[in-house]
Amino acid sequence: MKLKHFAGGWLAICGLLTGCLSEPEFEPVVEDNGELLEVKLFNEIRQQAVTRVNDEGFCEGDEGGIYVVNYVNEAPGVLAKDNNQADNIKYTLEESSGAWTPETPVYYLDKKTKVDIYGYYPYSNPSEINAYPFEIAKDQSRDAENGKLGGYEASDFLWGKASEVSPTSSKIVLQFHHIMAGVTVTLVEGSGFEAGEFVSLEKSAIITNTKRETNIDFATGTVTAIGDIPTTGTIPYKKGDEFRAIV
């Protein structure tokens with residue numbers, strides 16, 4: 001479940017993400033041909049890749065969440081924690097086939113009702129979507145293990161929105177954006193070293209004077225730093241000769 005790494009300390013995921021809701025007023029309407037119209041998405045990330053597993057930048061087991069919100073009387077609906085057309089539906093990538101598998105499929109309400117589609121990564125079970133508490137990892141050098149993302153991957157929050165989507169059988173592009181900041185530290189040899197000494201040295205770095213606690217508004221993708229600045233600093237991830245951190 002580890003994503004590949006990107007320029008400026010960024011990661012990427014994309015997904016074909018959908019979902020459904022059991023509330024009676026949001027049950028899909030069966031059309032005249034007896035079929036439901038399924039929401040189909042293709043997601044992409046706005047960034048430049050440095051290394052990647054495939055062209056989309058996905059890895060096996062990547063997971064993201066999706067909300068689908070119906071328009072009401074031709075006006076955008078309000079994203080809520082519950083009772084949307086789709087509520088936090090989890091999609092998991094199968095890298096060998098390139099397919100994203102939803103926990104449950106979602107359909108448009110009917111062939112006329114427009115929707116807004118919201119996506120985020122990494123997947124969780126948020127109790128609050130307008131001020132979702134999200135904490136950046138202190139140790140971002142920690143590798144993925146036991147089915148959990150590494151500290152660097154888990155700290156990079158991605159958010160995307162597709163607005164005013166008319167029901168269609170075609171795929172809708174949902175573009176994700178990095179809403180945190182990325183820091184890259186490169187150590188360069190200065191004066192005073194013997195020949196070859198700098199290359200042989202074990203190197204490390206620490207990022208200080210940044211907050212790690214945030215609130216995220218799923219409706220707008222806005223991040224607000226909260227709490228105090230930790231005195232311990234943040235341990236970055238090491239990629240080649242660079243140190244990278246999400247802040």
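Three strands, in the order S8-S12-S13, make up an open sheet with antiparallel pairing. The model described here is a predicted one. The two edge strands, S8 (132-135) and S13, each pair on one side only. On average, neighbouring strands of this sheet are turned by 35° against each other, with direction ignored.

**The sheet, strand by strand**

S8 and S12 run antiparallel and are joined by four bridges. Two residue pairs show how the strands line up. Tyrosine 132 has isoleucine 216 in S12 as its bridge partner, and phenylalanine 134 stands opposite threonine 214 in S12.

In a regular strand, side chains alternate between the two faces of the sheet. S8 can be read in this way. Tyr132 and Phe134 point to one face and are buried, while Pro133 and Glu135 point to the other face and are not buried.

On the other side of the sheet, strand S12 (residues 213-217) pairs with strand S13 (residues 222-226) in the antiparallel sense, over five bridges. Aspartate 217 is placed opposite threonine 222 in S13. How many residues lie between S12 and S13 in their hairpin? There are four, and glycine 221 in this turn has a positive phi of about 75°.

**Aromatic residues around the turn**

The structure contains 12 aromatic pairs. One of them joins tyrosine 120 and phenylalanine 218, whose ring centres are 4.9 Å apart. Their planes meet at 35°; the pair counts as tilted because this angle is neither under 30 degrees, as for stacked rings, nor over 60, as for edge-to-face rings. This pair links distant parts of the chain, since tyrosine 120 is in strand S7 and phenylalanine 218 is in the loop between S12 and S13, 98 residues apart. Tyrosine 120 and phenylalanine 218 are buried.

Phenylalanine 218 also forms a tilted aromatic pair with phenylalanine 157, at 5.9 Å centre to centre and with 45° between the planes. Here too, distant parts of the chain are linked: phenylalanine 157 is in the loop between helix H1 (151-155) and strand S9 (158-165), 61 residues apart from phenylalanine 218. Phenylalanine 157 is buried, as is phenylalanine 218.

Which residues form one aromatic cluster? They are Tyr67, Tyr120, Tyr123, Tyr132, Phe134, Phe157 and Phe218. The cluster therefore includes Tyr132 and Phe134, the two residues of S8 that point to one face and are buried.

**Charged side chains**

The count of salt bridges is four. The table gives three pairs among them, with the distance between N and O atoms.

| Lysine or arginine | Aspartate or glutamate | N to O distance |
|---|---|---|
| Lysine 81 | Aspartate 82 | 3.6 Å |
| Lysine 90 | Glutamate 103 | 3.9 Å |
| Arginine 244 | Glutamate 242 | 3.2 Å |

The salt bridge of lysine 90 and glutamate 103 links distant parts of the chain: lysine 90 is in strand S5 (residues 86-94), and glutamate 103 is in the loop between strand S6 (99-102) and strand S7 (115-121), 13 residues apart. Glutamate 103 is exposed because its relative accessible area is 56%, and the cut-off for exposed is over 50%.

In the salt bridge of lysine 81 and aspartate 82, lysine 81 is partly exposed at 35% relative accessibility. Aspartate 82 is also partly exposed, at 41%.

Is arginine 244 buried or exposed? Arginine 244 is buried, because its relative accessibility is 4% and buried means under 20%. Its salt-bridge partner, glutamate 242, is partly exposed at 26% relative accessibility.

Two lysines lie over aromatic rings. Lysine 203 is over the face of phenylalanine 198, at 4.5 Å from the ring centre. Lysine 238 is over the face of phenylalanine 243, at 5.7 Å from the ring centre.

**A histidine in strand S10**

Histidine 178 belongs to strand S10 (residues 172-178). With a relative accessible area of 17%, histidine 178 is buried. Its side chain is joined to the side chain of aspartate 156 by a polar contact of 2.9 Å.

Methods. Residues numbered from 1 in each chain as written. Predicted model: local features only at pLDDT ≥ 70, side-chain atom pairs only at ≥ 80, totals over all residues. Heavy atoms only, no water. Pairing = 2+ DSSP bridges. Buried < 20%, exposed > 50% of the residue type's maximum accessible area, 1.4 Å probe, protein only. Polar contact = N/O pair within 3.5 Å; in protein donor to acceptor, adjacent residues only side chain to side chain. Axes fitted to C-alpha atoms, helices over the stretch in contact; angles between N-to-C directions. Phe/Tyr/Trp six-rings, centres within 6.5 Å; stacked < 30°, edge-to-face > 60°. Lys NZ or Arg CZ within 6 Å of the ring centre and 35° of its normal.
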